[in-house]
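Visitor: I'm new to this one, and I'd like a close look at a single part. Could you pick a spot and walk me through what surrounds it?

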Amino acid sequence: MSQVVRKFFMDFEKEEAWLNEMSAKGLALVEHSWARYVFEESAKGEYIYRIELLEKDPKEAAGYLQFMEETGAERVPSGTPTKANRAFMNQRWVFFRRKASEGPFQIYTDADSKIKHYQRIYKVYLSLAFMELIIGSLNLMLIMLNTSSNIYKINLIVGVSVIILGLFFIWLSLPIRRKIARLQQEKLIRE
Amino acid sequence: MALSGNNEYGALTEGVYYILLSLLTPMHGYGIMQNVKLLSNQRVELGAGTLYGALSTLVERGWIKLLAGGEDSRKKEYQITELGKSIVQSEMTRLDELLTNGRKLMGGEV
């Protein structure tokens, strides 16, 4: 029997930890979409879950996905994309699971590769923030050109909300930046 | 994975060092992970993401090569090159120096 949980995470590592807690309770993630998780009953702690942001280049990402498979990891949801989840399967954020019986499951095990992964995430947040801030400011600038009162209101509302969204992405990027800095400092003294 | 720039004298990460040693025998990705674990008495566990990145970099540098037929078959096999072997040699010399100096200076205390 499957169980649907609606939940929203802003930190992928907290999301990962939660999926592993659920798995420890005997609920294994089989499907996910925006703020929606579908679990199926399994043996307690059968799977270990990891979340990753793939490389932007689809060819590079495809090679990597195949490599993950070879090492016993399974993508969730599994299989080829269906009509319903195609949009989701093409996304860069991917969920993996591997049987706990195969040993500890970590994707990145040294500082350099962890930093590289965080930097990918950081770049995505920053470019989203940059885009939103530009669109927002353009809307606000249009106000000065427009005298018609109705359009003025629309531009103001769109402009302000888009700028808030841009600031939200900057806020999301801050903890990632701290993690990168901490790892880089650690790297100065040990591998 | 750190390969310390282009500096030949830079330290290899232990992951890279063990990957190179493993590839004295042709191996595919999962085999390398298992072998590194075995060589290091379960101490070094390479994550798949870390290993994948390291393999691409090492191929790019010419320290290892992808074996022919690897493109068609699903599992890619890798092997160390002569350049790779010389890199391992100089790393061993470097490690030897570290150990010798450590033993010489700490010798009385340990």
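Guide: Happy to. Let's start at A:Glu31, whose bridge partner in β3(A) is A:Val38. Keep in mind that this is a predicted model. That pair belongs to a bigger pattern: strand β2 of chain A, residues 27–33, runs antiparallel to strand β3 of chain A, residues 36–41, and six bridges link the two. Follow the chain from β2(A) into β3(A) and you go round a hairpin with two residues between the strands. In that turn sits A:Ala35, with a positive phi of about 55°. As for side chains, in a regular strand they alternate between the two faces of the sheet.

Now hop over to chain B for a helix. Helix α1 of chain B covers residues 14–22, and it is mostly covered, with seven of its nine residues buried. Among the buried ones are B:Tyr17, B:Tyr18, B:Ile19 and B:Leu20. What does the covering? The cover includes the helices α2, α3 and α4 of chain B, along with the strands β1, β2 and β3 of that chain.

Let's finish on α4(B), which spans residues 82–106 and is home to B:Arg94. B:Arg94 has a relative accessible area of 23%, so it counts as partly exposed, since buried would need under 20%. Its side chain makes a polar contact with the side chain of B:Glu91, at 2.9 Å. An α-helix has 3.6 residues a turn, so residues three or four places apart point the same way. B:Arg94 also lies 8.0 Å from B:Ala11, C-alpha to C-alpha, although 83 residues separate them in sequence.

Methods:
Residues are numbered from 1 along each chain as its sequence is written. Chains are lettered from A and ligands numbered from 1 in the order in which they are written. This is a predicted model: local features need pLDDT of at least 70, side-chain atom pairs count only at pLDDT 80 or more; totals for chains, interfaces and linings use all residues. Side-chain values use heavy atoms; hydrogens and water are left out. Helices (H or I, at least four residues) and strands (E, at least two) are DSSP runs, numbered from the N terminus. Buried means under 20% relative accessible area, exposed over 50%, partly exposed in between (1.4 Å probe, protein chains only). A polar contact is a pair of N or O atoms within 3.5 Å; within protein, one must be able to donate a hydrogen and the other to accept it, and residues adjacent in sequence count only if both atoms are side-chain atoms. Contact means heavy atoms within 4.5 Å. Two strands pair if DSSP finds at least two bridges between them.
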